[in-house]
Amino acid sequence: MTNYLGSRQEFIRRMVLFILGFAVFYYALDVGEKTRNGKTSQFSYDDLPNESKYRQLWNKLYLSITTTTTLGYGSIKPIHPLSQMAVAIQSLTIFVLITELVH
């Protein structure tokens with residue numbers, strides 16, 4: 001039982017770091033970019049505000065959580081091949097991590 005709880009806690013720790021790491025990476029992709037017509041060069045924001053640094057970071061955390069939970073995209077979508085590749089890598093990596101937990 002202890003081994004199971006230890007592996008579960010390790011999984012949660014890795015997931016939190018994973019989500020935060022990708023959020024920071026997505027944020028770094030958009031640093032210094034202005035939102036024009038609801039888009040930057042990397043992401044489309046629809047009607048979501050993205051002007052303040054706080055809001056930009058929150059949007060990237062939201063994107064990372066949405067990708068990790070495989071809920072699908074609503075307000076924020078990757079539109080550049082680099083951001084699309086990062087989202088694909090995050091999705092595949094989450095699949096591997098969940099498979100490892102179940103195994």
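**Figure 1. Q42, a buried residue in a loop.** With a relative accessibility of 7%, Q42 counts as buried, because buried means under 20% relative accessible area. This view, like the others here, comes from a predicted model. Q42 sits in the loop that runs between helix α1 (2-29) and strand β1 (43-44). Which residues are in contact with Q42, once neighbours within four places in sequence are left aside? They are L29, D30, K77, P78, I79, H80, L82 and S83.

**Figure 2. Helices α2 and α3 where they cross.** Here we look at helix α2 (residues 53-68) and helix α3 (residues 81-102), whose axes come within 9 Å and cross at roughly 45°. The two helices are therefore oblique to each other. Is the crossing of α2 and α3 left-handed or right-handed? It is right-handed. On the α2 side, the residues to look for are S64, T67 and T68, and they meet V87, Q90, S91 and I94 of α3. The residues of this contact comprise five polar and two nonpolar ones, with no charged residue.

**Figure 3. An aromatic pair within helix α1.** The whole structure holds five aromatic pairs, and this close-up shows the one formed by F18 and F22. A pair of aromatic rings is described by the distance of the centres and the angle of the planes. For F18 and F22 the centres are 5.0 Å apart and the planes stand at 65° to each other, an edge-to-face arrangement. Both residues belong to helix α1, where they are four residues apart, or about one turn of the helix. F18 is buried at a relative accessible area of 10%, and F22 also counts as buried, at 15%.

**Figure 4. Y26 and F43, a pair between a helix and a strand.** In this view the ring centres of Y26 and F43 lie 5.9 Å apart with their planes at 75°, so the pair is edge-to-face. Y26 is in helix α1 while F43 is in strand β1, so the pair ties together parts that are 17 residues apart in sequence. Are these two residues buried or exposed? Y26 is buried, with a relative accessible area of 0%, and F43 is buried at 0% as well.

**Figure 5. The aromatic cluster.** Stepping back from the single pairs, you can follow ring pairs that link F18, F22, F25, Y26, F43 and Y45 into a cluster. Among its members are F18 and F22 of helix α1, along with F43 from strand β1.

Definitions and conventions: Residues numbered from 1 in each chain as written. Predicted model: local features only at pLDDT ≥ 70, side-chain atom pairs only at ≥ 80, totals over all residues. Heavy atoms only, no water. Buried < 20%, exposed > 50% of the residue type's maximum accessible area, 1.4 Å probe, protein only. Contact = heavy atoms within 4.5 Å. Axes fitted to C-alpha atoms, helices over the stretch in contact; angles between N-to-C directions. Parallel < 35°, antiparallel > 145°, perpendicular 65-115°, else oblique. Left-handed = near helix turned anticlockwise from the far one by under 90°. Nonpolar A, V, L, I, M, F, W, Y, C, P; charged D, E, K, R; others polar. Phe/Tyr/Trp six-rings, centres within 6.5 Å; stacked < 30°, edge-to-face > 60°.
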